[in-house]
Amino acid sequence: MGSVDIKPEDLVIRTLGERKINSPLEAFFAESQTKHEFYSDDSRVVIDQDLVHLRSLVEGGGELPCFERAGPRRKIYFDPKNTVCAIVTCGGLCPGLNDVIRAIVLQAHYRYGVHRIYGIPYGYEGLIPDYEHPIINLTPQYVSSIHTFGGTALGTSRGPQDVHRMVDRLQELHVNVLFVIGGDGTQRGARDIENEARRRGMKLAVVGVPKTIDNDMIYMDKSFGYETAVAAAVTAINAAHTEARSSRHGVGLVKLMGRHSGFIASSSAIASGEVNCVMIPEVPVALDGPNGFLEYLYRRVIERGHAVVTVAEGAGQEYVEATLAQDASGNKKLGDIGVLLRDRIGAYFKERKTELNLKYIDPSYMIRSVPAATNDRIYCMRLGQAAVHAAMAGKTGLVVARWHSSYVHVPIAVATSARRMVDPGGDLWLCVLESTGQPPSFY
């Protein structure tokens, strides 16, 4: 499942120093008609929910690995009136980026009284003066409606930048808190910034909000934007189904995001109820042979008149031409499995002198660019608020996440240590098999 062996000492969250300042939230809580509490650093959430494993750890006298619970602290490290925050978004687009930016700005401004919040334009490029990207002054007015449209109001870019120059720029701007919104590569960059700031003795809190539309970062229930992406993918699948069933021997083929993890392809297939075959990176597929995918699809179309197939972009890479090329983020460029399948399916039907009406849909960038749906907006707001609570308490080198329905602090090193993947023996893939009717494997 992409998890790693975690020891309790791996989960310690670094703080910049003793917290001596009373939180501004004390007055807010006192005025509230309902009871709200501050969290202690000793408030914990157990990582492993397996009761048998937990019992063995307890009986063996071992310490349970736990995440520190996120939320407001009674004492904070930074004096709000002297605090300067900055926000940066990096990597590919994802629904909810603007919601997270807005949540951070509103929380820092109205709840903590931080009035100097900078937007770093175009990812880490914005911290390199050579690019000449002007710093953005983020105010509640600036972010008031950005959650109603997709993308990121700050702009984004891919790829690393010189960490020494980035920290130089943060020092020039007198930034105390850096919020980094991005995926595992972006968060590794945040860890490098945090390490360089520590080496210099700089009191900089670096707090990440993990972003991955593929839902493939470990130790979090889900990634923000994932539910929105699945809903948008279902719209594409429904269009493919309409096309397929409206034609004689119709096939709808939809390529979806998922470089290494097939969560979007799996969940959207289940949600649509119209998919007959799903291909994901975690499950090898034989295209040829009597029990291969092409023969299975051919029989399905002949017997039922039409079929719908979804494929994650990272599936079947053994069938496409290998390449050593990388994108700006250092990821290996994938071959286009969607186009390959389109052509192979067409050739298979042609060899059998069978009519085929195939419609190929690749909605990737349409899915990335839509505004967040309701549930994701709620999730983004809560992640942004948790990030501000952590930062004002002087915590650093962490990402905020939801784990087993609780919001927690996860050290960046832990959050980027492995990749979350669909378990071919797990209940999600079983649900895919049961909803599509496809065989457990093609061989």
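Colleague: Which residues does Lys211 touch, leaving out those up to four places away in sequence?
Modeller: Lys211 touches Cys90, Gly91, Gly92, Cys94, Leu97, Ile181, Gly182, Gly183, Met217 and Phe224. Contact here means heavy atoms within 4.5 Å. This is a predicted model, where local features need pLDDT of at least 70 and side-chain atom pairs count only at pLDDT 80 or more, while totals for chains, interfaces and linings use all residues. Residues are numbered from 1 along each chain as its sequence is written, and side-chain values use heavy atoms, with hydrogens and water left out.

Colleague: How far apart are Lys211 and Leu97?
Modeller: They are 114 residues apart in sequence, and 8.2 Å apart in space from C-alpha to C-alpha.

Colleague: Is Lys211 buried or exposed?
Modeller: Lys211 counts as buried because its relative accessibility is 7%. Buried means under 20% relative accessible area, exposed means over 50%, and partly exposed is in between, with a 1.4 Å probe and protein chains only.

Colleague: Where is the place of Lys211?
Modeller: Lys211 is in the loop between β10 and α7 (226-245). Helices (H or I, at least four residues) and strands (E, at least two) are DSSP runs numbered from the N terminus.

Colleague: What order do the strands have in the open sheet of nine?
Modeller: The order is β3-β4-β17-β16-β10-β9-β6-β7-β8, with mixed pairing. Two strands pair if DSSP finds at least two bridges between them.

Colleague: Which strands stand at the edges there?
Modeller: β3 (44-46) and β8 (136-137) do; each has a single partner strand, so one side of each has no neighbour in the sheet. The pairing of β8 with β7 (residues 116-120) is antiparallel, over two bridges. Gly119 stands opposite Ile136 in β8.

Colleague: Which strands does α6 lie across?
Modeller: Helix α6 (residues 184-199) lies across β9 (177-182), β10 (205-210) and β16 (398-403), and runs at about 160° to β9. Axes are lines fitted to C-alpha atoms, for helices over the stretch in contact, and angles run from 0 to 180 degrees between N-to-C directions.

Colleague: What is phi of His404?
Modeller: Phi of His404 is near 50°, and that of Ser405 is near 70°. Both values are positive, in residues other than glycine. His404 lies in the loop between β16 and β17 (406-411), and Ser405 is in the loop between β16 and β17 too. His404 is partly exposed at 34%, while Ser405 counts as exposed at 59%.

Colleague: Now the sheet of four strands. What order does it have?
Modeller: This open sheet runs β12-β13-β11-β14, with parallel pairing. β12 (277-279) and β14 (357-361) stand at the edges with a single partner strand each, so one side of each is left without a neighbour in the sheet. The twist averages 15° from one strand to the next.

Colleague: How many bridges are there between β12 and β13?
Modeller: Three, and the two strands pair in the parallel sense; β13 is residues 306-312. Met279 stands opposite Val311 in β13. Helix α9 (residues 293-304) packs on the sheet, touching β11 (250-256), β12 and β13, and its direction makes about 150° with that of β13.
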